[in-house]
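Hi,

Here is the structure I said I would pass on. Could you have a look at it before you read my notes underneath?

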Amino acid sequence: MFKSNKWLLVLSVILFIGLLGLAVYYESIVYLYAASALPVAIVIFLPDLGRHQYIRMKPKSGVRFVKQTIGGDPVLTISFKPGFIRWNQSRKLYFHLNSMGNSESSGATEAKAAGGSESTEAALAVLPFDLSLHPRKQGWIGIDLPQLAERTRSLSYTTDEVSRLLIRMADLEEAAMKVMVTPGAVAANEGNQLQA
């Protein structure tokens with residue numbers, strides 16, 4: 001939500017409380033009618049919290065970023081507890097490119113997977129067209145959750161059982177290259193094309 005929307009939300013809530021106070025103080029039905037119409041404006045400025053989900057690297061978050069090699073290709077594995085992702089509520093799952101720097105080594109992960117129950121957990125491959133950039137926050141990569149959920153219909157497990165997402169590093173590098181393009185450079189190129 002933009003900062004202007006935050007201020008409009010705060011101002012509309014203060015105005016609502018003020019109109020209710022005036023309605024009680026003056027015992028006026030006009031102020032009460034005005035206050036009852038104001039929640040429509042408040043709803044417009046409310047943030048849409050369920051639309052996107054973010055992975056933030058916090059202690060005890062239960063999410064791990066692991067770089068490993070599968071079939072000769074370097075892969076980033078995002079491991080989480082089943083049920084961590086809100087498949088039905090969120091459209092995108094965002095993570096920051098810097099969170100990959102905190103990932104574990106592949107040797108330690110392979111040893112854990114061989115000895116533990118992680119090797120039997122369900123995993124989904126994230127394809128290049130599932131990845132997108134955040135429209136406003138630089139460095140955040142989004143994974144399209146409805147597309148992943150649609151692909152699980154033909155699999156023997158459901159999204160509730162998924163505990164890992166596998167992303168090829170080449171696909172992430174391609175998405176990161178899009179991040180490195182600065183808006184000023186894009187605007188300059190567009191200006192040159194318009195002049196020609």
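Let me start at one spot: Tyr94 stands opposite Gly142 in S7. Keep in mind that this is a predicted model. That Tyr94–Gly142 position belongs to the pairing of S4 with strand S7 (residues 140–144), which is antiparallel and runs over 5 bridges.

**Strand S4 and its sheet**

What lies along the other side of the pairing story for S4? Strand S1 (residues 52–55) is joined to S4 by 4 bridges, and these two run parallel. If you want to find the register on screen, His52 has Lys92 as its bridge partner in S4, and Ile55 has Phe95.

Put together, 4 strands make an open sheet in the order S1-S4-S7-S6, with mixed pairing. S1 and strand S6 (131–133) are at the edges with a single partner strand each, so each has one side without a neighbour in the sheet. From one strand to the next, the twist averages 30°.

Is S4 mostly covered or mostly open? Mostly covered: 5 of its 5 residues (92–96) are buried. As a general point, side chains in a regular strand alternate between the two faces of the sheet. In S4, Lys92, Tyr94 and His96 are on one side, Leu93 and Phe95 are on the other, and all of them are buried, so that both faces of the strand are covered. Note that Lys92 and His96 are on that list of buried residues.

**The other sheet**

There is another open sheet of 4 strands, this one in the order S2-S3-S8-S5, again with mixed pairing. Its edge strands are S2 (64–70) and S5 (122–126), each of which pairs on one side only. Here the twist averages 30° from one strand to the next.

Within this sheet, S2 and strand S3 (residues 73–79) run antiparallel and are joined by 7 bridges. A handy place to check that is Lys67, which stands opposite Leu76 in S3.

**Aromatic rings**

How many aromatic pairs does the structure hold? The count is 6. One of them is Tyr25 with Tyr26, an edge-to-face pair with 4.9 Å from centre to centre and 80° between the planes. Tyr25 is exposed at a relative accessible area of 65%, and Tyr26 counts as exposed too, at 51%. The cut-off for exposed is over 50%, in case you wonder about that 51% for Tyr26. For Phe80 and Phe84, the ring centres are 6.0 Å apart and the planes are at 35°, so this pair is tilted. Phe80 counts as buried at 6% relative accessibility, while Phe84 is partly exposed at 27%.

Tyr25 and Tyr26 also belong to an aromatic cluster with Tyr31.

Which rings have the charged end of Lys137 over them? That charged end sits over the ring of Tyr54, 4.5 Å from its centre, and over the ring of Trp140, 6.0 Å from its centre. Tyr54 falls within S1 (residues 52–55) and Trp140 within S7 (residues 140–144), so on screen you can look for Lys137 by way of the S1-S4-S7-S6 sheet.

**A loop residue to look at**

Glu27 caught my eye. Its phi is near 50°, a positive value in a residue other than glycine. Where does Glu27 sit? In the loop between helix H1 (3–26) and helix H2 (29–45). Glu27 is exposed, with a relative accessible area of 72%.

**The whole chain**

Stepping back, the protein has 6 helices and 8 strands. Along the sequence they follow the pattern α-α-β-β-β-β-α-β-β-β-α-β-α-α. Of its 196 residues, 32% count as buried. The exposed surface comes to about 12,600 Å², with carbon and sulfur atoms supplying 60% of it. As for contacts with a separation of 6 or more, 73% of them are between residues 24 or more positions apart.

If you open just one view, I would pick S4, with S1 running parallel and S7 antiparallel to it.

Cheers

Key: Residues numbered from 1 in each chain as written. Predicted model: local features only at pLDDT ≥ 70, side-chain atom pairs only at ≥ 80, totals over all residues. Heavy atoms only, no water. Buried < 20%, exposed > 50% of the residue type's maximum accessible area, 1.4 Å probe, protein only. Pairing = 2+ DSSP bridges. Axes fitted to C-alpha atoms, helices over the stretch in contact; angles between N-to-C directions. Phe/Tyr/Trp six-rings, centres within 6.5 Å; stacked < 30°, edge-to-face > 60°. Lys NZ or Arg CZ within 6 Å of the ring centre and 35° of its normal. Contact = heavy atoms within 4.5 Å. Areas by Shrake-Rupley, 256 points an atom, 1.4 Å probe, with all protein chains shown as cover.
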